[in-house]
Amino acid sequence: MNALEQAATDRFTTLLETKRSVILDTWVDQFLADWEGTRHGNLPPEEIRAQSQLFLDQLHRLLQNNFSHSWQPQSADPIVQLLTQLSETWAKKGLAAAQSTFYILSFKRILLARYLELESDPAAFSAAVAVLDLVLDRLSLVVVERFEMTRERLIKQQSLSLLELSTPVVKIWDHMILLPLVGVIDTARARKITENLLNSIAEIEAMVTIVDITGVPVLDTAVAGHLMKTINAAQMLGTHVILTGMSPEGAQTLVKLGVSLGDITTRGSLKAGISEGLAALGKVIIDGHRRAG
Amino acid sequence: MNDEAPCLLDAVHIPIQDYADVAEAGRNALLFAEACGFSKVLAYYIATAVIELGNNIMAHADSDGSIVLTSQFEDTRIVIEIIAEDRGPGIFDVDLALTDGYTTNNGLGCGLPGVARLMDELHIETSDQGTRIRARKRR
């Protein structure tokens with residue numbers, strides 16, 4: 001660090017001591033004002049204030065202790081720990097990434113404005129800007145990085161739980177089960193679906209299995225291939241499989257693709273599939289009202 | 001050009017690096033074709049072709065490629081063109097790849113020949129530097 005930068009660092013340290021409360025107030029107020037009308041989440045202003053106070057303390061300590069160009073945020077630094085924790089909380093609460101970045105960047109502006117009140121020499125000022133860039137830009141990168149990581153982890157968790165949720169096997173009558181398929185079927189899902197279905201067939205001793213594909217957006221050869229494998233495996237367990245809910249477009253596309261469904265029973269609607277299944281079980285639906293009348 | 005034409009839409013460009021990208025491409029293709037005034041069945045054909053080509057990029061080209069959808073005029077008809085490009089090892093034998101039932105990855109073997117039937121035109125340029133497939137469908 002050259003002499004000017006060292007002087008600027010010392011001046012910032014002094015500013016953080018003497019003007020601490022003014023800086024804190026302006027910062028927090030500006031931050032909250034910027035949020036007005038956007039999603040506040042359930043972040044109480046007192047919490048932001050307390051965190052900002054801690055940030056000022058940590059920054060003060062950082063600048064005081066032989067701060068130099070070689071400084072890099074380390075995960076063990078208290079100031080980095082503070083920011084990662086803050087960023088993680090905000091990401092989970094659904095704040096925008098821009099808001100958490102603005103938090104650090106607005107602080108930079110406030111601190112520089114205070115600095116200008118004391119020192120207006122251009123050379124000294126540009127040294128001050130350089131020092132602040134050095135520390136705060138790196139810190140804002142820490143915030144962004146952690147923010148992204150947290151979001152990515154959330155998305156991964158959600159897609160995993162979606163995978164679990166989206167393959168329910170429903171028992172709709174004694175020895176009759178329904179597998180409603182919704183959404184895109186990739187290899188991972190197809191495996192999961194087959195596993196769930198075969199277990200349920202064995203457990204319920206299903207004689208009829210209805211596979212409903214109303215919710216499958218596009219039937220390409222990969223999906224058709226997965227579907228056939230699942231159905232073949234089910235048939236090996238001795239269940240009668242009925243495929244329902246194929247759209248007219250889906251049927252025409254499969255024919256064009258040259259995919260044949262072989263000897264699988266198909267019915268247009270789920271309703272037709274259920275009545276077919278009941279018939280196969282030897283059940284008859286009787287209209288109670290008509291018989292009474 | 002013709003301002004009233006419903007198909008003067010921006011080209012759709014989707015990088016394919018993931019099976020989720022393929023699904024995204026299929027969804028976009030369906031919307032794009034319908035916005036261009038294609039019937040439901042034709043839009044479904046185009047979306048399926050896009051998904052087949054996307055799955056091919058994933059399976060054979062080390063997940064490195066892209067799909068671009070454009071709409072054009074041909075005489076007075078609207079044409080949707082799919083361009084699927086990758087930097088994979090190329091198709092060894094194009095005629096064989098277009099044969100029903102031929103597969104190198106345990107699939108059904110009707111993806112590429114299926115695309116040929118779903119679309120009006122199919123042009124394949126391939127080398128060991130990669131593959132570029134151009135498929136067109138007229139409204």
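The questions and answers below concern a predicted model and take up confidence, a cavity and the contact of two chains.

Reader: What makes residues 1–6 of chain B a stretch to treat with care?

Author: Over residues 1–6 of chain B the pLDDT stays under 50, on a scale of confidence that runs from 0 to 100. Where pLDDT is low, the predicted coordinates should not be read in detail, and so the seven contacts that the model has for residues 1–6 of chain B beyond four places in sequence are best taken with that caution. For chain B as a whole the mean pLDDT is 87, with 94% of its residues at 70 or more.

Reader: Why is the space lined by Leu179(A), Ile193(A) and His226(A), among others, called a cavity?

Author: The word applies because a 1.4 Å probe fits there but cannot get out. A search of the whole structure finds one cavity of 30 Å³ or more, and about 50 Å³ of space lies in the largest cavity. Strand S2, helix H7 and helix H8 of chain A each give two or more residues to its lining, with the largest share, four residues, coming from H8(A).

Reader: How do you know how many residues of that lining are nonpolar, polar or charged?

Author: Each residue is sorted by its type; Leu, Ile, Val and Ala count as nonpolar, whereas Asp, Glu, Lys and Arg count as charged. The lining therefore divides into eight nonpolar, two polar and no charged residues.

Reader: How many salt bridges are there between chain A and chain B?

Author: The count is zero, which means that no side-chain nitrogen of Lys or Arg in one chain lies within 4 Å of a carboxyl oxygen of Asp or Glu in the other. Chain A and chain B nevertheless bury about 1700 Å² between them, 63% of it on carbon and sulfur atoms.

Terms used. Residues are numbered from 1 along each chain as its sequence is written. Chains are lettered from A and ligands numbered from 1 in the order in which they are written. This is a predicted model: local features need pLDDT of at least 70, side-chain atom pairs count only at pLDDT 80 or more; totals for chains, interfaces and linings use all residues. Side-chain values use heavy atoms; hydrogens and water are left out. pLDDT is the predictor's confidence in each residue, from 0 to 100. Contact means heavy atoms within 4.5 Å. On a 1 Å grid over the protein atoms alone, a cavity is a set of points where a 1.4 Å probe fits but cannot get out, and a pocket is an open set with protein on both sides within 12 Å along at least five of seven lines; lining residues have an atom within 4 Å of a point. Grid points are joined across faces, edges and corners, and a volume is the space filled by probe spheres set on the points. Buried area is the accessible area (1.4 Å probe) that two parts lose on being put together, summed over both.
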